[in-house]
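Dear colleague,

I am handing over the structure below, and after it I set out what was found. Please read the notes with the model open beside them.

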Amino acid sequence: MSSNGQTSADDILIHVNDLNKWYGEFHVLKDINLHVKKGEKIIICGPSGSGKSTLIRCMNRLEKYQAGEVLIDGILLDDNVKNLEAVRKEVAMVFQHFNLFPHMTILDNLTLAPRLVNKMPKKDAEDMAMSYLERVKIPQQANKFPGQLSGGQQQRVAIARALCSNPRVMLFDEPTSALDPEMIKEVLDVMVELAEEGTTMICVTHEMGFAKQVADRVIFMDEGRIIEENTPHEFFDNPQNERTQLFLSQIL
Ligand code: ADP
Ligand code: MG
């Protein structure tokens, strides 16, 4: 916030302006406009196939788009490789299926990018990795392999790995939807702590309790469009759009 209490353009970390994307003939994202302030927590929900994953993948250039623009911290995401490198340092992503390297220990999974990309000395990278493993409450798993951990533990490793790049933005794509019910809470607890520390977060999830606890805004997508946007309490308790109402009646 600026001194007069107004939101200034500088407070916006992520600009998505009139974003449109096609997969071949299929128009997957339609006129998306989304502006995310520093420290803001956004939850995206909507039916399967509505374009949620595609939208957040456009925010770190895992997907290209054909029209409109995405800017992260002033960096335009286009074909410029330098911009891509810059943005990958600022944005980290956690996927539904953890995407850890199975043949590497947890510690090696965490230190790989800091050592290779950032040329961090081994000892420093390991100290940093251990501090993040402590933050996600599994430092004792450092020397195991991913297959020896539960799904909830693997997802917490994936979150620790994302934190190792010291990102300004964390993107989560249904981080708990591949987990057994008893493991969901341990992952959400870690995400709540991150949210409370002020990390800017965009999270695709249908976890309503989590959304109510941390989200500043909930965005509902259907058929490639944002069709409703509100505070979590208004969104879940008093949805306005018919399609939102239908969706909520199916997940709740
Ligand atoms: P969501 O995450 O909301 O389930 P997605 O963004 O994954 O939706 O997908 C939106 C639509 O785009 C779906 O109809 C899906 O089949 C289609 N789609 C996703 N990825 C591709 C791709 N690489 N090529 C073609 N179509 C795709
Ligand atoms: Mg998806």
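A residue is called buried here when its relative accessible area is under 20%, exposed when that area is over 50%, and partly exposed in between. Please keep in mind throughout that this is a predicted model.

With that cut-off in hand, helix α6 is a good place to begin, since its buried residues are Met183, Ile184, Val187, Leu188, Val190, Met191, Val192, Leu194 and Ala195. These buried residues pack against β3 (41–45), α4 (122–135), α5, β7, β8 (200–204) and α7 (208–214). The length of the helix can be checked as well: at 1.5 Å a residue, the 16 residues of α6 should span 22 Å, and the end C-alpha atoms are 23 Å apart, which agrees. Just after α6 comes glycine 198, which takes a positive phi of about 100 degrees.

The same helix carries a salt bridge, in which lysine 185 pairs with aspartate 189 and the closest N and O atoms are 2.8 Å apart. Both residues lie in α6 (residues 181–196), and their separation of 4 residues is about one turn of the helix. Lysine 185 counts as exposed, at 57% relative accessibility, whereas aspartate 189, at 33%, counts as partly exposed.

Turning to charge pairing in general, side chains of opposite charge can pair when their charged atoms come close. Counting a side-chain nitrogen of Lys or Arg within 4 Å of a carboxyl oxygen of Asp or Glu, the model has 16 salt bridges. One of them joins lysine 64 to aspartate 79, with 3.3 Å between the closest N and O atoms. Lysine 64 sits in the loop between α1 (52–58) and β4 (67–72), and aspartate 79 in the loop between β5 (75–76) and α2 (81–90), so this pair ties together parts that are 15 residues apart in sequence. Of the two partners, lysine 64 is partly exposed at 49% relative accessibility, while aspartate 79 is exposed at 56%.

Another salt bridge links the side chains of arginine 168 and aspartate 73, at 2.6 Å from N to O. Because arginine 168 lies in the loop between α5 (151–163) and β7 (169–173) and aspartate 73 in the loop between β4 and β5, the pair ties together parts that are 95 residues apart in sequence. Both partners are partly exposed, arginine 168 with a relative accessible area of 33% and aspartate 73 with 29%.

Aspartate 73 also deserves a look for its backbone, as its phi is near 50 degrees, a positive value in a residue other than glycine. Arginine 61 likewise has a positive phi, of about 65 degrees, although it is not a glycine. Arginine 61 belongs to the loop between α1 and β4, and with a relative accessible area of 12% this arginine is buried.

Which charged residues are buried yet have no salt bridge? One is aspartate 173, which is found in strand β7; the nearest side chain of opposite charge is that of arginine 57, 6.0 Å away. The side chain of aspartate 173 does, however, make a polar contact of 2.7 Å with the side chain of serine 53. Leaving aside neighbours within four places in sequence, aspartate 173 is in contact with Ser53, Ile56, Met93, Val94, Phe95, Gln96 and Val204.

Another is lysine 41, in strand β3, for which the nearest side chain of opposite charge is aspartate 216, 5.4 Å away. Again leaving aside neighbours within four places in sequence, the contacts of lysine 41 include Ala195, Gly198, Thr199, Met201 and Asp216. Of these, Ala195 is one of the buried residues of α6, and Gly198 is the glycine with positive phi just after that helix.

Finally, a word on annotation: UniProt, in an unreviewed entry, places the feature "domain: ABC transporter" at residues 14–248. In the model, the end C-alpha atoms of residues 14–248 lie 27 Å apart, and the span is 39% helix and 26% strand.

With best wishes

Notes. Residues are numbered from 1 along each chain as its sequence is written. Chains are lettered from A and ligands numbered from 1 in the order in which they are written. This is a predicted model: local features need pLDDT of at least 70, side-chain atom pairs count only at pLDDT 80 or more; totals for chains, interfaces and linings use all residues. Side-chain values use heavy atoms; hydrogens and water are left out. Helices (H or I, at least four residues) and strands (E, at least two) are DSSP runs, numbered from the N terminus. Buried means under 20% relative accessible area, exposed over 50%, partly exposed in between (1.4 Å probe, protein chains only). UniProt positions are given in the numbering used here, feature names are shortened, and annotations may be inferred rather than shown by experiment. Lys and Arg count as positive and Asp and Glu as negative; His and the chain ends are not counted. A polar contact is a pair of N or O atoms within 3.5 Å; within protein, one must be able to donate a hydrogen and the other to accept it, and residues adjacent in sequence count only if both atoms are side-chain atoms. Contact means heavy atoms within 4.5 Å. The expected span of a helix is 1.5 Å times one less than its number of residues.
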